[in-house]
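Biologist: Before I rely on any label attached to this assembly, I would like to hear the reasoning behind it. Could we go through the terms one at a time, setting each value against its rule?

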Amino acid sequence: MHQTLEPIMAEQPFLKGLDAEHLQLLVGCASNVRYEAGQYLLRESEEANQFYIIRHGRVAIEVYTPNRGPIVIETLGEGDVLGWSWLVPPYNWRFDARAIELTRAIVLDGKCLRGKCEQDYQLGYELLSRFLQIIERRLQATRLQLLDVYKD
Amino acid sequence: MKTDIGTAGPGRQTEPTLDDPILPRMFQVRRIFSETADSFSCELQPSDGEVMHFSPGQFNMLYVFGVGEIPISISGNPDKPKLLVHTIRSVGPASKAIRRLKRGDLIGVRGPYGTGWPVKGAEGNDVVIVAGGIGLAPLRPLIYRVLAEREKYGRVALLVGARTPGDILFQRQLERWRGRLDIDVLVTVDKAPRSWRGNVGVVTSLIPKIRFDPATTTAFVCGPEVMMRFTAMELEVRGVPTSNLHFSLERNMKCGIGLCGHCQLGPYFICKDGPVLGLDKIKKLMALREI
Amino acid sequence: MEPKLVLDRHQFDTFFESLHKHGYEIIGPTLLDGAVVYAPVDSPDELPVGWTDEQQGGVYRLKRRGDQALFGYSAAAHSWKKFLFLPTLKLFEAYRTSGGPEIRHPQPDVRRRAFLGVRACEIASMEIQDRILIHGTFQDTAYVQARNAALIVAVQCLQSGGTCFCRSMNTGPEVTRGYDLLLTEITGPQKHVFIVDVGTDRGAGILEGIALAKADEADLKHAGDLVDEAAAHMGRVLDQNGIKELLYRNYEHPRWEEVAKRCLTCTNCTIVCPTCFCTTIEDVTDLPGGKAERWRRWDSCFTLDHSYLHGGCVRCSGLSRYRQWMTHKLATWIDQFGTSGCVGCGRCITWCPVGIDITEETAAIRSSGDASSSIFGKKGE
């Protein structure tokens, strides 16, 4: 299983440029997952102990409101990374993530990675700087969305 | 109109003529139909039978009797000029008055005005077209033209952003284009209920999903100014040369022909130097406030 | 070259008669509401005989001269713009008919007018408006007609006003072109004459039948000296050197905030400016709704409405509007029309209620401009 995941992971834009040793560490924490359309990958307030690199399909990040039902905030697809609450205490998901269509992803064990990052700051830096870029892009996009630019 | 100015005196007088650029030509409404909840298209035919040829990206001044005149980009097919098509958001008195017109009613048209999309300059290149909201309307003639001469371009992608799924313009046409193998069509919305199975997120989030060779890509962008700024930044970061990024801008316009002074942006009159301008010309100006 | 002629003050009535005979309505300087303004005049008696003016920032005052000069004042309150580029103009009428709206072009105003007393800076301003309204892609038909129907009787400026800086703008004070007839007024205890240059056949036609002497050497020298004198006493200076780049570099100069504190955005400067050409459109209908009219009227970049864009305005602050006006006038104009938009007539200074001075603002930016941080980077970039 691990022998087959390594080449796939090496091709992921998110992990590009990671040295072989660190990639090997990540491969050790990774496994393949598959979700049918409608299945949840993660749910609000549950423990956040993993993140996903989406290989195929599409995932909606949703928030549920009592009066309007679930609202889709953003959709993610091939090559996108889902989930960063595993990095931040208290390690709980803040949104729901649901497969819109058949979705295949690599899931990485965050609990395991948190421990490895503590021991290996180099790995911690590599991972965090990659996440920072994702967080930055999502924040910019969210701000633009907030502007509701098409309204008038 | 004949006047007796010729007898008024010596030399320099000029005969006033009907081609006074401030006088509208009359067109007949053939069809008006809704596109989305707040936008509609109108198809016009010239009363005098003389068709209006235009370049993708140009606009007309549309005059409604007694109400006023507004600049509206042409959204029809440049290779089928018999029908003059405009797609309009009902926001002001003039656009609402146009919406109320019926088949056979007359409307005044002046134009076509402004610079078009530099589509010739994109030949041989990959083409990325990014539209936000009603911004798809001035891009549609460009899409028609590019698809009509598809062999002249490399990869072609159309990225469309809208507020909600119901606000997406030309939906059936987008679906038809998506069915073609020679153009990538991606649509995203800012907000959606769960029933929407497409993308949710800003239009820039679609850029990583398409394939293009940045160094030889020409991009055509139209939408709200903030959206265009974000799109420009994203495309530049990916290596699209600044001089290959083209925007369609909007400013207050009264005359459409560079005489009334309203639509200035730095040294440019948006009505005659634009509305399409290269980012290399406007990048510094766009960083300034209240210009 | 045509020999220069001498028109005696006593022949001025004959000169008026000749203009009338040739079908010209005479527009000339006259006293109105405590200022010299250009308006229809029927006889030389209506000219500001023996009057001059004092002009400073926010100050205009009529004063008596020691002689009976007809043209002894500096820039009049308004320029000739109001006769060539009308403050309000009906563009067309539309009538509701059974076959839909029918558009009718109004009868053009083809009255021939003689502009009497046109100064060098005013000829320059007409040439600037010609570039915009005649020589661009599209023509302003009404302007073309009015301009062609106007006979230009220029006069040499023999004294500079307190707010004048035409010399800085290379537009004066000497009239060198653009006239049908040119007068240089010489007043003295013994005589009161006008040296006449003929610029065009049309101008020559007006002089036919008036017995004019040829100007002698002494008269010509006297006239030349007077013109030089005016050039040497400019009220203001505006350094045009690299001005476009200077202003392009200083869109974010703190001086704009200072001037914005004083500017009332009253639009006076744009109204008196002989080159400002912004217009807006008004549509009016009669009560039964059977007739609609489209009017054009002067607009100003100092109004909020000027930059209105669905739901808001682009230039909301007074700062941005003053900056737009001055930067357009002195810098972007050059890119747009190949010339500065300023002729140095000083009207915007005189008629500003708070005396904002375009020459002072430019100098302030120049003195500290390139030291202050500009978003376009360092000096010389």
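**Labels and the values behind them**

Modeller: C:Cys316 has a relative accessibility of 41%, and it is therefore called partly exposed, since that label covers what lies between the 20% limit for buried and the 50% limit for exposed. Please keep in mind throughout that this is a predicted model.

Biologist: Why is C:Cys166 called buried?

Modeller: Its relative accessibility is 7%, and because the label buried applies under 20%, C:Cys166 counts as buried.

Biologist: How do you know that C:Cys166 is in no disulfide?

Modeller: The rule asks for two cysteine sulfur atoms within 2.5 Å, whereas the nearest cysteine sulfur to C:Cys166, that of C:Cys164, is 6.1 Å away. Over all chains, the count of disulfides comes to zero.

Biologist: What makes B:Asp182 and B:Arg150 a salt bridge?

Modeller: The closest N and O atoms of the two residues are 4.0 Å apart, and the rule accepts a side-chain nitrogen of Arg within 4 Å of a carboxyl oxygen of Asp, so the pair is listed as a salt bridge. B:Asp182 lies in the loop between helix H3 and strand E9 of chain B, and B:Arg150 in the loop between helix H2 and strand E8, so that parts 32 residues apart in sequence are tied together. The partners carry separate labels, for B:Asp182 is partly exposed at 26%, while B:Arg150 is buried at 14%.

Biologist: Why do you say that C:Asp140 and C:Arg296 tie parts of chain C together?

Modeller: Their side chains meet in a salt bridge with an N to O distance of 2.8 Å, which satisfies the 4 Å cut-off. C:Asp140 sits in the loop between H3 and H4 and C:Arg296 in strand E14, so the pair links parts that are 156 residues apart in sequence. Both C:Asp140 and C:Arg296 are buried.

Biologist: What makes B:Glu69, B:Arg110, C:Asp283 and C:Arg294 one network?

Modeller: These four residues are joined by salt bridges that share partners. C:Asp283 pairs with C:Arg294, with the closest N and O atoms 2.8 Å apart, and since C:Asp283 lies in strand E13 and C:Arg294 in strand E14 of chain C, the bridge ties parts eleven residues apart in sequence. C:Arg294 also forms a salt bridge with B:Glu69, where the closest N and O atoms are again 2.8 Å apart. C:Arg294 is called buried because its relative accessibility is 4%, under the 20% limit.

Biologist: How many salt bridges does the rule find across the interface of chain C and chain B?

Modeller: It finds one, whereas the search of the whole structure gives 52 over all chains. Between chain C and chain B there are also 18 residue pairs in polar contact. On the side of chain C that touches chain B, helix H10 gives the most, with eight residues, and the residues of that side comprise 28 nonpolar, 22 polar and 17 charged.

Biologist: How much area do chain C and chain B bury between them?

Modeller: They bury about 4800 Å², of which 61% is on carbon and sulfur atoms. Of the area that chain C buries against chain B, C:Pro101, C:His105 and C:Phe138 supply 13%, more than any other three residues. The contact takes 67 residues from chain C and 45 residues from chain B.

Terms used:
Residues are numbered from 1 along each chain as its sequence is written. Chains are lettered from A and ligands numbered from 1 in the order in which they are written. This is a predicted model: local features need pLDDT of at least 70, side-chain atom pairs count only at pLDDT 80 or more; totals for chains, interfaces and linings use all residues. Side-chain values use heavy atoms; hydrogens and water are left out. Contact means heavy atoms within 4.5 Å. Buried area is the accessible area (1.4 Å probe) that two parts lose on being put together, summed over both. A polar contact is a pair of N or O atoms within 3.5 Å; within protein, one must be able to donate a hydrogen and the other to accept it, and residues adjacent in sequence count only if both atoms are side-chain atoms. Helices (H or I, at least four residues) and strands (E, at least two) are DSSP runs, numbered from the N terminus. Ala, Val, Leu, Ile, Met, Phe, Trp, Tyr, Cys and Pro count as nonpolar, Asp, Glu, Lys and Arg as charged, and the others, Gly among them, as polar. Buried means under 20% relative accessible area, exposed over 50%, partly exposed in between (1.4 Å probe, protein chains only).
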